[in-house]
Amino acid sequence: QVQLRESGGGLVQSGGSLRLSCATSGFNLDYFAMGWFRQAPGKEREFVAGSNSNGRKTYYADSVKGRFYMSRDNANNLVYLDLKKVGPEDTAVYYCNRGYIDDDRGYRQLDYWGQGTQVTVSS
């Protein structure tokens with residue numbers, strides 16, 4: 001029974017920081033790459049960040065590179081996304097999912113998704 005549960009979202013001022021967490025259960029996190037996606041109102045879900053199974057390789061969308069940082073704590077079944085220097089364009093529901101790493105294309109989504117956590121950036 002795979003479960004992914006996002007948390008940590010909320011209201012944050014422009015320029016501020018926030019940490020999102022994804023608690024996983026029902027599978028061995030050591031065996032999977034994990035990723036973060038987001039969906040803003042009226043827009044398609046988009047890739048944000050991903051990491052390989054041990055967290056030593058990370059991949060970021062150009063829009064967040066240098067501002068967002070993904071990490072993971074496999075022993076505690078946790079995946080993180082640290083948002084820094086956020087702006088209104090970062091307002092969205094953020095989702096984690098599990099996937100795999102393609103040698104040429106980086107992170108690829110696989111199957112399960114969490115329920116999402118809302119991030120709202122205000123002035």
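This is a short talk about the strands of one protein chain and the charged and polar side chains that link them.

Hi everyone, thanks for coming. Before we start, please keep in mind that this is a predicted model.

Let's begin with strand E4, which covers residues 33-39. How enclosed is E4? Six of its seven residues are buried, so the strand is largely enclosed by the rest of the structure.

What does E4 pair with? One partner is strand E9, residues 92-102, and the two run antiparallel with seven bridges between them. If you want a place to look on screen, find Ala33, which stands opposite Gly99 in E9. Another partner is strand E5, residues 46-51, again antiparallel, this time over five bridges. Here you can pick out Gly35, whose bridge partner in E5 is Gly50.

E4 and E5 also make a hairpin, with six residues between the two strands. Have a look at Gly42 in that turn, because its phi is positive, at about 75°.

Now to the residue I like most here, Arg38. Arg38 sits in E4. Is Arg38 buried or exposed? Its relative accessibility is 4%, and since buried means under 20%, Arg38 counts as buried.

So which side chains does this arginine meet? There is a polar contact of 2.8 Å between the side chains of Arg38 and Asp90. Tyr94 is also in reach, with a side-chain polar contact to Arg38 of 2.9 Å. And then there is Glu46, where the side chains of Arg38 and Glu46 form a salt bridge, 2.8 Å from N to O.

The wider surroundings of Arg38 are busy too. Leaving out residues up to four places away in sequence, Arg38 touches a long list, including Val48, Ser63, Phe68 and Ala92.

Let's move over to Glu46 itself. Glu46 belongs to strand E5. With a relative accessible area of 35%, Glu46 is partly exposed, whereas its salt-bridge partner Arg38 is buried. Setting aside neighbours within four places in sequence, Glu46 is in contact with Phe37 and Arg38. One more distance for the picture: Glu46 and Tyr95 are 49 residues apart in sequence, and their C-alpha atoms are 9.9 Å apart in space.

Now let's step back to the charges in general. How many salt bridges does a search of the whole structure find? The answer is seven.

One of them joins Asp82 and Arg19, with the closest N and O atoms 2.7 Å apart. That pair links distant parts of the chain, as Asp82 is in strand E8, residues 78-83, and Arg19 is in strand E3, residues 18-25, with their positions 63 residues apart in sequence. Asp82 counts as buried at 16% relative accessibility, while Arg19 counts as partly exposed at 42%.

Another salt bridge is formed by Arg98 and Asp111, with a closest N to O distance of 2.7 Å. Arg98 lies in E9 and Asp111 in strand E10, residues 106-113, so this pair ties together parts that are 13 residues apart in sequence. Arg98 counts as buried at 8% relative accessibility, and Asp111 is partly exposed at 33%. Some salt bridges also share partners, and in that way Arg38, Glu46, Arg67 and Asp90 are joined into one network.

My last stop is Asn97, which is found in strand E9. How accessible is Asn97? Its relative accessible area is 0%, so Asn97 is buried. The side chain of Asn97 makes a polar contact of 2.8 Å with the side chain of Tyr107. Beyond its neighbours within four places in sequence, Asn97 is in contact with several residues, among them Leu4, Met34, Gln109 and Trp113. Ala33 and Gly35, which we met in the strand pairing, are among the contacts of Asn97 as well.

To pull it together: E4 pairs antiparallel with E9 and with E5. Buried Arg38 in the middle of our story has a salt bridge to Glu46 and belongs to a network with Glu46, Arg67 and Asp90. Thanks for listening, and I'm happy to take questions.

Methods
Residues are numbered from 1 along each chain as its sequence is written. This is a predicted model: local features need pLDDT of at least 70, side-chain atom pairs count only at pLDDT 80 or more; totals for chains, interfaces and linings use all residues. Side-chain values use heavy atoms; hydrogens and water are left out. Helices (H or I, at least four residues) and strands (E, at least two) are DSSP runs, numbered from the N terminus. Buried means under 20% relative accessible area, exposed over 50%, partly exposed in between (1.4 Å probe, protein chains only). A polar contact is a pair of N or O atoms within 3.5 Å; within protein, one must be able to donate a hydrogen and the other to accept it, and residues adjacent in sequence count only if both atoms are side-chain atoms. Contact means heavy atoms within 4.5 Å. Two strands pair if DSSP finds at least two bridges between them. A salt bridge is a side-chain nitrogen of Lys or Arg within 4 Å of a carboxyl oxygen of Asp or Glu.
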